[in-house]
Amino acid sequence: MALIGLVRVSTDKQNTQRQHDALIPICLKVFEEKMSGKLRTEERPGLLAAIEYVRNGDMLCVQEVDRLGRNLLEGLIVLNDLFERGISVKVLEGIGAGEHKERSLILDLALALAEDRRRDIVRKTKDGLDAARKRGRVGGRKPVMTEALTIQAAALRERGFTIRQIQPHLRIAEGKSKGRNPSVGAISQALSAHDTRQEEQ
């Protein structure tokens, strides 16, 4: 049996060293991704690579459950897929710490709490930006996903494209990232905000 590690953070600016320090000494190989944990499995290349590498009897190892995902549904789908393939999961810290060969209440609870924490972070960030605007200040970086890019992405999605397939069709027009493709996470967030606005209209 081998331990195969998965390191995940949501953005390029977040440090992965703490996770690597926990996993490298005990894992045969460690995969890393800088992707939102709320994305679907097929939109997470690091997770896909780890799943493809793991063999029957191996164990996928993460520092905490929310490294698998901060979306309850997708996290459960990942766990079910692993368990059906005979792949166990080892969680080093936090709620759900231990070795797991099947679904359990504690794992479900840990994923649910991870999703709640993500929602709380999003809410606090939004509240902070709203408060700054009321004081005449606009916080945060200028989003790379302009309205035009978001509309283009939404149109491609309606044609059946996945976010990863949409990414090469988009180009950032301004700023330091001019000419580059927006990240999968930025596209996903922009589409989520677009969907919310559509529902409110």
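# Briefing: fold, sheet and helix packing

The secondary structure of the protein comes to seven helices and five strands. The model is a predicted one. Along the sequence, the elements follow the pattern β-α-β-α-β-α-β-β-α-α-α-α. Of the 201 residues in the protein, 40% are buried. Among contacts with a separation of 6 or more, 61% are between residues 24 or more positions apart.

**The sheet**

- The five strands form an open sheet with mixed pairing, in the order E2-E1-E3-E4-E5.
- Its edge strands are E2 and strand E5 (residues 98–100), each of which pairs on one side only.
- On average, and with direction ignored, neighbouring strands of this sheet are turned by 25° against each other.
- In general, strands of a sheet pair through backbone hydrogen bonds, in a parallel or an antiparallel sense.

**Strand E1 and its partners**

- All of E1 is buried, seven of its seven residues, so the strand is largely enclosed by the rest of the structure.
- Both faces of E1 are covered, with Leu3, Gly5, Val7 and Val9 buried on one side and Ile4, Leu6 and Arg8 buried on the other.
- E1 pairs with E2 in the parallel sense, over six bridges.
- Within this pairing, Val7 stands opposite Glu32 of E2, and Leu6 stands opposite Phe31 of E2.
- E1 and E3 also run parallel and are joined by three bridges.
- Here Leu3 stands opposite Met59 of E3.

**Glu33 in strand E2**

- Glu33 lies in strand E2.
- Glu33 counts as buried because its relative accessibility is 3%, where the cut-off for buried is under 20%.
- With neighbours within four places in sequence left aside, Glu33 is in contact with Val7, Arg8, Val9, Arg44, Pro45, Gly46 and Leu47.
- Of these contacts, Val7, Arg8 and Val9 are among the buried residues of E1, while Gly46 and Leu47 are among the buried residues of helix H2.

**Helix H2**

- Helix H2 spans residues 45–53, and its buried residues are Gly46, Leu47, Ala50 and Ile51.
- These four cover an arc of only 135° around the axis, which means that they sit on the same side of H2.
- The buried residues of H2 pack against strand E1 (3–9), strand E2 (29–34), strand E3 (59–62) and helix H3 (72–84).
- H2 thus has contacts on the sheet with E1, E2 and E3, and the direction of H2 makes about 160° with that of E2.

**Helix H3**

- H3 lies across E3, strand E4 (residues 88–91) and E5.
- The direction of H3 is at about 125° to E4.

**Rings and charges**

- Lys29 lies over the face of two rings, those of Phe31 and Tyr53.
- From Lys29 to the ring centre, the distance is 5.4 Å for Phe31 and 5.8 Å for Tyr53.
- Phe31 is also the residue of E2 that stands opposite Leu6.
- The structure holds one aromatic pair.

Definitions and conventions
Residues are numbered from 1 along each chain as its sequence is written. This is a predicted model: local features need pLDDT of at least 70, side-chain atom pairs count only at pLDDT 80 or more; totals for chains, interfaces and linings use all residues. Side-chain values use heavy atoms; hydrogens and water are left out. Buried means under 20% relative accessible area, exposed over 50%, partly exposed in between (1.4 Å probe, protein chains only). Helices (H or I, at least four residues) and strands (E, at least two) are DSSP runs, numbered from the N terminus. The arc is that of the directions from the helix axis to the C-beta atoms. Contact means heavy atoms within 4.5 Å. Rings of Phe, Tyr and Trp (its six-membered ring) pair if their centres lie within 6.5 Å; planes under 30 degrees apart count as stacked, over 60 as edge-to-face and the rest as tilted. A charge sits over a ring if NZ of Lys or CZ of Arg is within 6 Å of the ring centre and within 35 degrees of the ring normal. Two strands pair if DSSP finds at least two bridges between them. Axes are lines fitted to C-alpha atoms, for helices over the stretch in contact, and angles run from 0 to 180 degrees between N-to-C directions.
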